[in-house]
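User: Please take a close look at the salt bridges of this model. I would like a connected account of where the charged side chains meet and how far they are covered.

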Amino acid sequence: MSDDIPTRLLIVDDIPTMLQTLRFALEDQGFEVVAAAADGQEALNLLKRERERLRVDMVLADWHMPKMNGVELLRQIRANPKTAKLPFLMVTGEIERTKVAEAIKCGVTDFVAKPFTSESLAKRVRSALKYGASAMHVPTGADPSNPLSRALEAQSGPRQRIILTVDDEPDNIEIVAEALKPQYNVKAAINGRIALKVAAAQPPPDLILLDIMMPEMDGMEVLSKLKQNPRTASIPVIFVTAKWTNDEVATGLTAGADDYIVKPIQPIILKARIETQLRLKDAADALREQLDLTVAHIRLQEDIDRMVRHDIRNPLTAIIGYADELGEQGYLTPVQQELREKIEQAAFTVSELVNFSVELLRIERGEYTPKLAPVNLVDLAQRVMRDLQPLARAGMVELLLQEHDRPEALVASGERLLIYTILANLIRNAIEATAARGSVRIRFEHGEGQIKVHVMNPALVPAAIRERLFEKGATFGKEDGSGLGTYSAKLMAEVLGGSISFISTEKERTCFSVTLPAHHGR
């Protein structure tokens, strides 16, 4: 973008993390976010103050917001002569045709579909700044990465497909044009050099009819250059030729041609072959778009997770600081001092878990290599029980750690934080499942080269969920359950070279068993 194009932006969204996502993405691309608002009314107030100094050049707003949604904000902006020409970009996951039509009617400049990447967002912003507050600009060959494009196309009418016919004989070009008009927009090139330029231009052709026998650059060389250029590599190519031998067909198809048509051309066959290739291209484009959106969604979720971790660290740092300051005052009773230490330790534990959340994503992807070290399981289980004691006390559940005849042997090879998280997930679930005045028991079993930790409670795992208990998102009967506890525990146990299983019967009730490699250094 040139230096003279204004870049000062007002962003509007009722979700704080989404506002941060927009801010980070825009600033990463060189734009300046001068103001942020949580709803349309707040945006209008900010906009009035900013526009009096002519300091806002564009508005990016979410569609669905309390108090005043994005469309109503757009109407208010267009109704005010001072802001009527201000570019307005709607950031939304809404692709319903009637909704899109409503926003276009109100004067939206463009859309950004959620999820988005920093690059795709910047592209839409630059385009909106270029075209200003004029009615919705839908250029031919609109950005296929934006899922709103199909709804916009449906609103404005289907775009006429472009067919490029390449032949050094004008008569042959005329025959193709007569056969395909007015259904298609037919462009022509009389040699390979011109064909390559037309194919790389915007908008690109949807399909190329390519003669093989041409002077200077034959069809095979043109095809090779088309496939080497990322901008033209996905355009379907149908060879149109008088040459028709099995070897030539095989050579052309191997080189990347999608089909062959033999001269003299029969219009009905030509149209059928073109329609077939266009359908295949549409299916491939839709699949590619879905993959791009999936990748974009993953990146967006990672960005949001990173910001959430950042937001959690701030109050955690304050809690740790306050707890430390209390300890330095010197007037706490022994009971108060013990509570202070527990608060401080719990804050440190949460901080560790927040830091570890990014590692859990790497474990899920199979990209994590654990740093193995000796871990005393008795000490760690006691730590987990202390941390979860308030939860157990609130539910009137007793936590019992059964003694082992060889506690010195209960040292596993693993990562302390991973094992802590496994035990915390399982014990927390057991506490929540246990009725008042019940008990949760933790027992150890030492075998050849491995250690088992058993977490037992008197409740039964619901039959409806037993077969998929370790699947991601599996939960039953818990309104606030995420279904990630047992799933993540299984991932962490396996990355440490261990395993996890459970039994749940009327006779033995429920027992989760975690098997971990024993540390061989002791």
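Analyst: There are 15 salt bridges in this structure, which is a predicted model. One of them joins Arg-75 to Glu-72, with an N to O distance of 3.2 Å. Both residues belong to helix α3 (residues 70-79) and stand 3 residues apart, about one turn of the helix. Arg-75 is partly exposed, at 35% relative accessibility, and Glu-72 is likewise partly exposed, at 28%.

Another bridge lies in helix α12 (residues 334-365), where Lys-342 and Glu-338 are 4 residues apart, about one turn of the helix. The closest N and O atoms of Lys-342 and Glu-338 are 3.6 Å apart. Lys-342 has a relative accessible area of 44%, so this residue counts as partly exposed; Glu-338, with 42%, is also partly exposed.

Glu-408 and Arg-406 form a further salt bridge, their closest N and O atoms being 3.7 Å apart. Here Glu-408 is partly exposed, with a relative accessible area of 45%, and Arg-406 is partly exposed at 42% relative accessibility.

Salt bridges also link Asp-167, Asp-211 and Lys-263 into a network.

Charged residues outside such bridges deserve a word as well. Glu-169, Asp-171, Glu-174 and Glu-178 form a negative surface patch; because patch members must have no salt bridge, these four acidic residues are without one. Glu-169 is located in the loop between β6 (162-166) and α7 (170-180), and its relative accessible area of 42% makes Glu-169 partly exposed.

Methods. Residues numbered from 1 in each chain as written. Predicted model: local features only at pLDDT ≥ 70, side-chain atom pairs only at ≥ 80, totals over all residues. Heavy atoms only, no water. Patch = residues over 30% accessible without salt bridge, like charges linked within 9 Å, V, L, I, M, F, W, Y side chains within 5 Å. Areas by Shrake-Rupley, 256 points an atom, 1.4 Å probe, with all protein chains shown as cover. Salt bridge = Lys/Arg side-chain N within 4 Å of Asp/Glu carboxyl O. Lys, Arg positive; Asp, Glu negative; His and termini not counted. Charge placed at Lys NZ, Arg CZ, Asp CG, Glu CD. Helix = DSSP H or I, 4+ residues; strand = E, 2+ residues; numbered from the N terminus. Buried < 20%, exposed > 50% of the residue type's maximum accessible area, 1.4 Å probe, protein only.
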